[in-house]
Amino acid sequence: MKTIYINAMTVYNAEWDLKTLIPDANMRRRMSRFIKMGVATGLKCLQEAGVESPDSIITATAYGCLADSEKFLSSALASDEQMLPPTPFIQSTFNTMGSQIAILTGCHGYNMTFVDRQRSFADALVDACLEIGDGKHNVLLGYADEMTPTLGAILNRMGRAANNMPHEDCAWFFLLSDVRNEHTIAALDDLSLSKIMGYGSVHDFIAAIR
């Protein structure tokens with residue numbers, strides 16, 4: 001597989017001015033915390049890479065929009081599944097983050113979301129590398145998760161809290177390219193499927209490229 005360059009790596013910062021990154025007030029108001037976090041990080045990553053619109057957008061999440069999923073399920077139980085509000089359901093779909101970035105950047109290319117707990121990022125990374133190998137020049141790769149009290153309680157009960165699980169809201173985005181430029185921060189050489197899958201999680205990937 002050809003050498004792949006990482007031309008930007010961005011981690012979510014709660015101090016960002018979301019009005020600048022997401023100027024549409026109506027769109028911003030309808031976004032959940034999870035979606036705002038992921039979309040803002042993806043847009044910031046594109047800014048840092050000097051790319052207006054990527055060729056492909058690939059996102060990953062271990063659990064998706066948990067807060068809105070919990071709201072939807074709670075309302076279903078409380079109302080005996082009658083007259084359910086649609087907003088929590090719409091906001092709980094896993095691909096909302098990638099689709100919102102596509103709308104804001106005018107990206108009409110390949111858009112995929114992977115949801116498979118901690119294997120999600122490795123699957124998304126494989127897909128991103130295949131996109132570069134297929135001739136795409138700029139692929140936006142992202143991972144995001146949110147922590148809720150319910151998830152925290154479940155992970156603690158299962159004894160999984162310290163096993164690479166999210167302990168807080170988090171989002172990372174990378175701009176992968178087949179071309180090195182002044183923004184390049186790392187290069188992935190001699191890639192193979194086993195090597196990519198060996199990264200396991202976004203934490204392993206970040207540790208490997210630093």
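Let's start at Leu140, which has plenty of company: setting aside residues up to four places away in sequence, Leu140 touches Gly42, Cys45, Leu46, Pro54, Ser56, Ile57, Ile58, Ile101, Phe173, Phe174 and Leu175. Keep in mind as you look around that this is a predicted model.

There is a second core to find, lying apart from the one Leu140 belongs to. This other core has 25 residues, and among them are Ile4, Leu125, Cys170 and Ile206.

Back to Leu140 and its own surroundings. The largest nonpolar core holds 26 residues, and those touching the most other members are Val39, Met97, Ile101, Leu140 and Leu175. Who supplies this core? Helix H3 (33-49), H6, S4 and S5 each give at least two residues. H3 provides the largest share, with nine residues.

Now follow one of Leu140's contacts, Ile58. You'll find Ile58 in strand S2, which covers residues 56-61. Is Ile58 buried or exposed? Its relative accessibility is 0%, so Ile58 counts as buried. Leaving out residues up to four places away in sequence, Ile58 touches Tyr110, Met112, Phe114, Ala124, Asp127, Ala128, Glu131, Val139, Leu140, Leu141 and Gly142. Take Tyr110 from that list: Ile58 and Tyr110 sit 52 residues apart in sequence, yet their C-alpha atoms are 7.9 Å apart in space.

Stepping back from single residues, let's look at the sheet. Six strands make up an open sheet, and reading across you meet them in the order S3-S2-S4-S5-S1-S6, with mixed pairing. At the edges are strand S3 (110-115) and strand S6 (186-188), each of which pairs on one side only. From one strand to the next, the twist averages 25°.

For a look at one pairing, go to strand S1 (residues 4-11) and strand S5 (residues 170-177): they pair in the antiparallel sense, over six bridges. Pick Val11 and look over into S5, and its bridge partner there is Trp172.

Helices join the picture too. Helix H6 (residues 96-105) packs on the sheet, where it touches S2, S3, strand S4 (138-145) and S5. The direction of H6 makes about 155° with that of S2. Then there's helix H10 (residues 202-209), which lies across S1, S4, S5 and S6 and runs at about 55° to S5.

Key: Residues are numbered from 1 along each chain as its sequence is written. This is a predicted model: local features need pLDDT of at least 70, side-chain atom pairs count only at pLDDT 80 or more; totals for chains, interfaces and linings use all residues. Side-chain values use heavy atoms; hydrogens and water are left out. Helices (H or I, at least four residues) and strands (E, at least two) are DSSP runs, numbered from the N terminus. Buried means under 20% relative accessible area, exposed over 50%, partly exposed in between (1.4 Å probe, protein chains only). Contact means heavy atoms within 4.5 Å. Two strands pair if DSSP finds at least two bridges between them. Axes are lines fitted to C-alpha atoms, for helices over the stretch in contact, and angles run from 0 to 180 degrees between N-to-C directions. A nonpolar core is a set of buried Ala, Val, Leu, Ile, Met, Phe, Trp, Tyr and Cys residues joined through side-chain atoms within 4.5 Å.
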